[in-house]
Structure formats: C-alpha cells, structure tokens
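Let's walk through this one together, starting from a single strand and working outwards. Keep the viewer open and follow along.

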Amino acid sequence: MATDAVAAAMAASSLCDNLEPATVRTGIRDVLAAGAARAGERVVVGGWVRTGREQGKGTFAFLELSDGSCASTLQVIVDAAVRPLARLTATGTSVLVEGEIKEPPEGTKQNVELKVSRVLEVGEVDAAAYPLPKGKVKLTLEKLRDVVHLRSRTNTIGAVARIRHQLAFATHRFFHENAFLYVHTPIITTSDCEGAGEMFQVTTLFSQAEKTEKELKENPAPSESEIEAAKVIVKEKGDAIAQLKAAKASKQDISAAVDGLHRAKEHVSKLEERSKLKPGIPRWDDGSIAFENDFFKRQAFLTVSGQLQVETYACALSSVYTFGPTFRAENSHTSRHLAEFWMVEPEIAFANLQDDMNCAEKYIQYLCKWLLDHCREDMEFMVKNYDKSAIERLELVSSTPFVRISYTKAVELLKNVTDKKFDNKVEWGIDLASEHERYTHQNLMPFFHFIRD
C-alpha cells in the first residue's frame with residue numbers, strides 16, 4: 001500500500017519537461033487576486049486537483065485546482081471534448097491547462113473561474129492508492145506523518161509553509177531596513193557557545209568503525225607469522241640483488257630484481273598497516289576516544305547558536321544578525337524544547353539595554369503587522385481551525401507599546417502575590433521560572449501598565 005501511494009504521488013507530481021518555450025504559467029493566487037478584472041484573458045494554470053466531479057451527464061467536469069500559491073482553489077471547467085474527464089477528476093491529479101478567465105454565474109462563491117480550451121499535461125493518479133482524502137475530509141497531523149511526501153498539499157501544512165516563508169522574508173527585510181548585515185555562521189563547530197545547551201556530536205568514527213569491521217570480516221588482519229614470512233621474502237630478494245651485483249649481472253636483470261624487492265616491501269607495509277586495524281571506535285590506552293582519527297581531528301558538534309561568531313562581526317561591522325538552523329540535544333519531550341529550529345540572533349555595537357529592547361519590540365511588531373498585511377487568508381484559516389484569537393493578538397501586539405519592567409520590580413511584585421502559591425520560591429537573584437513569567441504577564445503587566453500611564 002505504501003509503495004502504491006508513493007507511486008501515485010510521484011505520478012501526480014510529474015509533468016512533461018518538454019513544454020513549449022512560450023508556455024508561461026500564471027499562479028492561482030494572481031488569478032484570484034485580480035478577480036473579474038482579468039475576465040476574458042487567456043492564461044496557463046498548473047496545479048493539483050483537490051476535488052473533481054463530472055456534471056451534465058458526463059459532458060463536462062468541475063475541478064477545484066490548487067497550486068500552493070494561496071489557500072484558495074481555482075474552479076476549472078473542462079468539457080469532455082477537450083480531454084476524457086475520467087483522467088482529470090481524481091483527487092491528486094496534476095494538470096497543466098490553458099483557458100479563459102470568466103466571471104461565474106451570479107450566486108456562486110467563486111469570483112472567477114477558468115474555462116479550459118486545452119489540456120497541456122496530465123499526471124494521473126491511482127485514486128484507490130492516493131492517501132489524501134477528497135474535499136474537506138481532514139487527516140490528523142499524526143496521520144500526515146505517514147505520508148510526509150504529500151502532507152504539504154494539505155491546507156494546514158500549506159498555510160504553515162506560507163506563513164513561515166513570510167516571517168523569514170520579513171525578518172530579512174526588517175534587519176535590512178534597519179542597516180543590519182546578514183552574517184552566515186558555521187553549522188558545524190567545535191564551540192559550545194558558553195554552555196548554551198546540550199550538543200549533537202558530528203563524527204565519522206562510527207562509519208569508519210563499521211567499514212573497518214566489514215573489511216576485517218571479509219579480509220581478516222594478517223597474523224604475525226604472515227608478516228614474518230613476508231619479511232623473509234624481502235630479505236631473500238635483497239640477498240638475490242647482492243648476488244646479482246657481485247656476479248656483474250646485466251643492468252636489466254638487476255632492475256627487475258630491484259622492482260621485485262620494492263613490491264615485496266610494499267606488501268610488508270600493507271600487511272603491517274592492516275595488522276593495526278582493530279574493530280570498534282579507536283581509543284587511547286587510557287580508554288579515551290582517539291579523535292585525531294575523526295574527520296576534523298577533534299570533537300565537533302552541530303551549533304547551538306551563532307552568537308560567538310556574530311559577536312566578532314559586530315565588533316567590525318556594527319549591526320549584524322545571523323538567521324539559521326540551530327540544534328539542541330536536551331532530553332526533553334515538551335513543546336518548549338526542539339532538537340532543531342531556526343533562530344534570529346542580532347548583535348549591535350555601541351548599544352545599551354534600551355537599544356536592545358527597542359530593536360526587539362520593533363522587530364516583533366514588524367512581523368505581526370507583516371502577517372496581517374500579507375498572510376490574512378492563511379491566518380484566518382488558523383483562526384477557524386486552530387487558534388481563535390490569533391489575529392486579535394497580532395493586532396494587539398502590532399499596535400500596543402510593550403510594557404517594560406525591571407527584574408527587581410518584577411521580583412518585588414511577585415513576592416507580594418497572595419492569590420497564588422508558586423512551586424519555585426521567589427527571591428532576588430534567582431532566574432524567574434516559567435510560572436513566574438506567566439503570572440507576571442497575565443496578572444501584573446496590565447496593573448504595571450496602568451501605574452505607568
């Protein structure tokens with residue numbers, strides 16, 4: 001079943017590479033955004049069929065087409081005379097079509113539709129094997145893990161991908177507009193970045209050990225007697241050369257004997273080298289791992305932060321940031337700990353704490369407003385299906401100045417709390433725990449804001 005599903009997905013994704021040079025595809029997002037303004041225009045559209053249904057006793061079909069450029073689908077109408085409908089209507093079918101943008105009849109939910117005049121390409125699927133359901137039937141996120149190659153075709157993962165893209169783009173735009181330089185920092189490093197977290201080790205020792213064990217199994221290491229026998233042959237060949245020279249043999253005979261001696265010595269060297277091969281990870285006599293046999297000749301890790309490298313750039317280029325993957329190997333299964341995530345790390349020279357807070361506040365508000373302006377449809381999907389107050393919070397954060405409070409003041413307010421008993425004792429000098437931060441945000445910040453105003 002899994003093999004059939006993969007084959008069906010690959011068929012649905014494949015389109016002919018030999019398209020005519022004049023074929024220019026228009027994104028469904030652009031078609032829908034223009035609406036009736038593009039009515040009458042001929043366009044080429046490609047996408048995957050979300051739902052398909054034959055109508056008019058099989059004389060034509062409606063296809064709901066998605067190309068991932070937006071959450072919405074484009075309604076496509078295909079006549080049976082253009083292409084056999086059975087090849088087009090299965091969910092997951094990949095099509096590239098040419099047609100005319102039209103205004104649909106009054107009372108329909110679509111603002112435009114596409115009347116197909118030519119089907120350029122079709123990537124068919126086996127409807128029985130294709131794992132994604134038709135229409136609005138939902139699969140759980142856990143179930144989607146079984147069809148990783150197709151989950152990006154779902155509304156949820158598609159929305160997440162578009163939102164993440166916009167956030168990444170807005171991140172670079174914000175820092176560019178504020179005169180920061182983007183610095184690429186190493187993903188593989190020998191630094192633990194001031195103990196920022198447990199690290200994943202990068203090593204070739206295990207693959208080397210597996211290769212050595214396989215090699216020794218197929219061709220065991222030579223014994224001492226084999227090496228000694230090879231050395232005896234070397235001595236014999238050396239004696240033979242001496243005898244040839246004493247007998248004033250021809251130069252050709254002596255050269256041939258010398259070549260034989262060299263080959264015998266090389267054989268001994270290879271035997272001695274192979275005799276040193278041992279199964280397992282190479283170690284020193286004290287049991288410690290011999291990292292000079294590793295790829296980098298020392299311990300290396302996946303980075304937990306680009307901070308140390310980007311700090312040096314800040315001391316030369318003033319305002320810089322790094323934005324890339326980081327890795328933490330903490331043995332935790334909570335939603336607050338990830339093995340891999342992308343992190344933004346700005347560094348500013350000639351700045352104080354207020355400058356840092358101003359930058360952080362501007363950045364977060366910039367991203368919130370960016371989502372409201374550029375991801376409204378996807379955010380509305382999230383509100384409808386996952387988080388009913390998401391847009392409300394974005395609007396609040398993007399338009400409301402952040403409340404700022406000193407550590408000392410926060411501890412003072414928390415110590416005077418009487419309506420809650422904290423699991424972690426509050427006293428000056430401790431790191432505030434999550435429960436302290438949560439209580440301060442939910443209960444004390446509005447009060448502090450009121451006092452400040």
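Start with strand β10, residues 319-327, in this predicted model. How many of its nine residues are buried? Nine of nine, so to speak a full house: the strand is mostly covered. Now look at what pairs with β10. With strand β11 (residues 340-348), β10 pairs in the antiparallel sense, over nine bridges. If you want a spot to zoom in on, proline 325 stands opposite tryptophan 342 in β11. Strand β6 also joins β10, but here the two run parallel and are linked by two bridges. In that pairing, tyrosine 182 stands opposite tyrosine 321 of β10.

β6 itself covers residues 181-182, and it is where confidence in the chain is highest, at a mean pLDDT of 98.

Next, find the open sheet of three strands, with the order β7-β9-β8 and antiparallel pairing. β7 (188-189) and β8 (201-202) stand at the edges with a single partner strand each, so one side of each has no neighbour in the sheet. On the β8 side, two bridges join that strand to β9 (residues 300-302), and the two run antiparallel. There, valine 202 stands opposite alanine 300 in β9.

On to the helices. Helix α11 takes up residues 390-399, and Ala390, Ile391 and Leu394 in it are buried. Where do the buried residues of α11 fall when you look down its axis? They sit within an arc of 95°, so they line one face of the helix. What do they pack against? The partners are α9 (353-374) and α10 (376-385). Turn to the other side of α11 and you meet Glu392, Leu396 and Ser399, which are exposed.

Another residue to click on is glutamine 166, which has its place in helix α4 (residues 155-177). Is glutamine 166 buried or exposed? Its relative accessibility is 11%, under the 20% cut-off, so glutamine 166 counts as buried. Leaving aside residues up to four places away in sequence, glutamine 166 touches Trp370, His374 and Cys375.

Now zoom out. The chain has 13 helices and 11 strands. Its C-alpha trace spans about 110 × 80 × 40 Å along the principal axes. The radius of gyration is 34 Å, whereas a compact globule of 453 residues would have one near 22 Å. Of those 453 residues, 34% count as buried. The chain exposes about 28,500 Å², with carbon and sulfur atoms supplying 54% of that area. As for contacts with a separation of 6 or more, 64% of them are between residues 24 or more positions apart.

Finally, how far does the predictor's confidence go? The chain averages a pLDDT of 89, and 92% of the residues score at least 70. Helix α1 (residues 2-13) is where confidence is lowest, at a mean of 50. Over residues 12-19 the pLDDT stays under 50, and the model has 17 contacts for them beyond four places in sequence. Residues 448-453 are also below 50, and that stretch has eight contacts in the model beyond near neighbours in sequence. Where pLDDT is low, the predicted coordinates should not be read in detail.

Technical notes
Residues numbered from 1 in each chain as written. Predicted model: local features only at pLDDT ≥ 70, side-chain atom pairs only at ≥ 80, totals over all residues. Heavy atoms only, no water. pLDDT = per-residue confidence, 0-100. Helix = DSSP H or I, 4+ residues; strand = E, 2+ residues; numbered from the N terminus. Contact = heavy atoms within 4.5 Å. Pairing = 2+ DSSP bridges. Buried < 20%, exposed > 50% of the residue type's maximum accessible area, 1.4 Å probe, protein only. Arc of directions from axis to C-beta. Rg over C-alpha atoms; globule rule 2.2 N^0.38 Å. Areas by Shrake-Rupley, 256 points an atom, 1.4 Å probe, with all protein chains shown as cover.
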